[in-house]
Amino acid sequence: MRHYRFSTTNIFKFGLTPLVKNKTTCYNVSCVQINVHNTKTRRWLVYGDYVDKQYQGEELSLEVADKCLKLGLLGLGTVGSGVAQLLLTNQDRIARRAGVGIEVKWALVRDAGKDRPVEYEVPLTTNINDILNDPEIELVVEVMGGQETAFTYIMDALNRGKNVVTANKDLLSTRGQELFATAEKNGVDLYFEASVGGGIPIIRPLKTCLAGNRVEKLCGIVNGTTNYILTQMEQGTSYEAALKLAQEQGFAEADPSADVLGLDAARKIAILASIGFGARVRADEVSCVGIQHLEPQDLVYARELGYKVKLLALAEQTELGLQVRVHPSLVPLNHALASIDGVLNAIVVHGNAVGEVVFVGQGAGRMPTASAVVGDIIEVARNIQGGVKGRNGCTCFDHKQLCPPDQIKDSYFVRFEVEDKPGVMAKMAAAFGAADVSLWSVIQKRQTERGAEIVIVTYPTPGQRFQQAIATLKLYPEIFTIHQPIIVEGDEAYVAGHH
Ligand SMILES: NC(=O)c1ccc[n+]([C@@H]2O[C@H](COP(=O)([O-])OP(=O)(O)OC[C@H]3O[C@@H](n4cnc5c(N)ncnc54)[C@H](OP(=O)(O)O)[C@@H]3O)[C@@H](O)[C@H]2O)c1
């Protein structure tokens, strides 16, 4: 802190013209905050304009404080480099919005010798203690990913009274309870907007803007990789070729299992359901079916019936409990999610007051994700300045019963390859009938090399009964293949199929 005494007539001698002329406390890159003290009235003036216009010639003291929020960035990969880049590109704007400048004091990496873009040069370290032991660092931004190490670092940071921003859905959806309890105990912030939906604001809208609602249903496309693959498959591309294309475009990892098996979406819906329904849901409690067994033919037939196939993440309160699941679904063409193609994500929230709200945008990627992380950083900066750290605590107040997956009532779309001979259809209908499953539609499609293709759509039925029918059908030698069943989204699913 430096103190100057001067009169307003010679204020410009300090080279602070832009700061004083501009009606802001935080103007330039070094983010200096100016407070001007009128020695006559003993009042502090914050804005330079007053000095110019109202207090000409009076003796004033000028306090110049280098005010800056220093943060430690854990990870400088896809998201971390985007965060560093954005903090630099929008430096002035961010400083004004945050009320302080924001500086990355250290970035933690595995390999400090790796080639990195230079435009956002930040000091690198491979030693976490450079960050954790630094009392100047008030905020730790975890964008390194992974489980154990990230968990240890975040817990350590929280226990040392540092605020944390993280994009780590894996961690939040499995060990969220411990993390939030620790943040609360230490009276610090834990923000995680980027953990679901990348650049789409969804966590804070759910926690704040929609907090007055009773959330009835959350339904989303929260994994861009699988949505890209399904969009390709709509054009007739095989699953394998679509996955390869996604990998070539950088939309899928070399090991795509977390995406295609639906595990990534399960982690995200666990986080959203916990917030939306005010009860903790862990990723391992989400029933999960991936897209790896779907074939282009499923998407073609679905389209003929008036649907698109999407991997939906759903959370809904039912009479039997809270159902939270990820499943390939037939989405009616007039549904808000039917037009969400490629890597885009979208989440539909149904609230008892607001009705339906749709959030759409880039669900991943360097700058969209950085946008969410930097939004959190600014929020933490504001909280620190306002002396209100830790106000965004955990909102999982209830313990909710989860609905057993086999009790959930759904309409199912399922494609069979069967021997092309009389009586097979009747046998299939009988098997469904014996399990008390009513059929809405039975359509014989094309001839295949081995026989005929049949598509069945059921009326809503508990999963258990549907599985019972499938188990019986698997025993029939006339039925060669039973493809991946796809659930039909919406109560009026079979009605939508009329279009
Ligand atoms: N990518 C996205 O679009 C996206 C979207 C939403 C959320 N997220 C989440 O954001 C997080 C980061 O993802 P990312 O795609 O940016 O990952 P990434 O590109 O693999 O970057 C990881 C960074 O963390 C560093 N790192 C990893 N383990 C470390 C360790 N043990 N010690 C020190 N440094 C370590 C790496 O250092 P080196 O550079 O030296 O290798 C690298 O800089 C993940 O939790 C992910 O789920 C990502």
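At roughly what angle do the axes of helix 4 and helix 14 cross, and within what distance do they come? Keep that question in mind while you look at the whole chain, remembering that what you have open is a predicted model.

**The whole protein**

Begin with a cartoon view of everything, in which the secondary structure comes to 17 helices and 22 strands. If you then colour by burial, buried residues make up 43% of the 499 residues in the protein. Contacts can be viewed in a similar way: of those with a separation of 6 or more, 74% join residues that are 24 or more positions apart.

**Helix 4 and helix 14**

Now select residues 91–98, which are helix 4, together with residues 366–386, which are helix 14. Here is the answer to the opening question, since the two axes come within 9 Å and cross at roughly 40°. Angles from 65 to 115 degrees count as roughly perpendicular and those under 35 degrees as roughly parallel, and helix 4 and helix 14 are therefore oblique to each other. To see where they meet, show the side chains of Ile94, Arg97 and Ala98 on helix 4, and those of Val374, Ile378, Ala381 and Arg382 on helix 14. By class, the residues of this contact divide into five nonpolar, no polar and two charged.

**Valine 373, in helix 14**

Stay on helix 14 and select valine 373, which is found there. Is valine 373 buried or exposed? It has 29 C-beta neighbours inside 10 Å, and because 20 or more are needed for a residue to count as buried, valine 373 counts as buried. Leaving out residues up to four places away in sequence, valine 373 touches Val79, Val83, Val141, Val143, Val165, Ala167 and Ala194. One of these, valine 143, is 230 residues away along the chain, yet the C-alpha atoms of valine 373 and valine 143 are separated by 8.9 Å.

**Glutamate 138, in strand 8**

Next select residues 137–142, which form strand 8, and pick out glutamate 138 within this strand. With 19 C-beta neighbours inside 10 Å, glutamate 138 counts as partly exposed. Its contacts, once neighbours within four places in sequence are set aside, are Leu69, Lys70, Lys162, Asn163 and Ile384. If you draw a distance from glutamate 138 to valine 380, which is 242 residues apart from it along the chain, the C-alpha atoms are separated by 9.5 Å.

**Around the ligand**

Move to the ligand and show the 24 residues around it, of which Gly75, Gly77, Met144, Gly145 and Ala364 come nearest. Which helix gives the most to this shell? It is helix 3, residues 78–89, which gives three residues. If you colour the shell by class, you will find nine nonpolar, 11 polar and four charged residues.

**Two more helix pairs**

Two packed helices are described by the angle between their axes and the distance between the axes, and you can look at two further pairs with this in mind.

For one pair, select helix 7 (residues 169–186) and helix 12 (residues 263–276), which pack at an angle of about 55° with their axes 9 Å apart. The crossing of helix 7 and helix 12 is left-handed. The contact is made by Lys169, Asp170, Leu172, Ser173 and Gly176 of helix 7 with Arg267, Lys268, Ala270, Ile271 and Ser274 of helix 12, and these residues divide into three nonpolar, three polar and four charged.

For the other pair, select helix 9 (residues 224–234) and helix 10 (residues 239–248), whose axes are 9 Å apart and whose packing angle is about 130°. The crossing of helix 9 and helix 10 is right-handed. Thr225, Tyr228, Ile229, Gln232 and Met233 in helix 9 meet Tyr239, Ala242, Leu243, Leu245 and Ala246 in helix 10, and by class this contact has eight nonpolar, two polar and no charged residues.

**Aspartate 436 and valine 442**

Finish by selecting aspartate 436, in the loop between helix 15 (424–434) and strand 18. Most residues other than glycine have a negative phi. Aspartate 436, although it is not a glycine, has a positive phi of about 65°. With 12 C-beta neighbours inside 10 Å, aspartate 436 counts as exposed.

Then follow the chain into strand 18, residues 439–447, where valine 442 is found. Valine 442 has 15 C-beta neighbours inside 10 Å and counts as partly exposed. Apart from residues up to four places away in sequence, valine 442 touches Met425, Ile454 and Ile456. The C-alpha atoms of valine 442 and valine 455 are separated by 5.8 Å, although these residues are 13 apart along the chain.

Definitions and conventions:
Residues numbered from 1 in each chain as written. Predicted model: local features only at pLDDT ≥ 70, side-chain atom pairs only at ≥ 80, totals over all residues. Near = placed C-beta within 6 Å. Helix = DSSP H or I, 4+ residues; strand = E, 2+ residues; numbered from the N terminus. Nonpolar A, V, L, I, M, F, W, Y, C, P; charged D, E, K, R; others polar. Axes fitted to C-alpha atoms, helices over the stretch in contact; angles between N-to-C directions. Left-handed = near helix turned anticlockwise from the far one by under 90°. Contact = placed C-beta atoms within 7 Å. Parallel < 35°, antiparallel > 145°, perpendicular 65-115°, else oblique.
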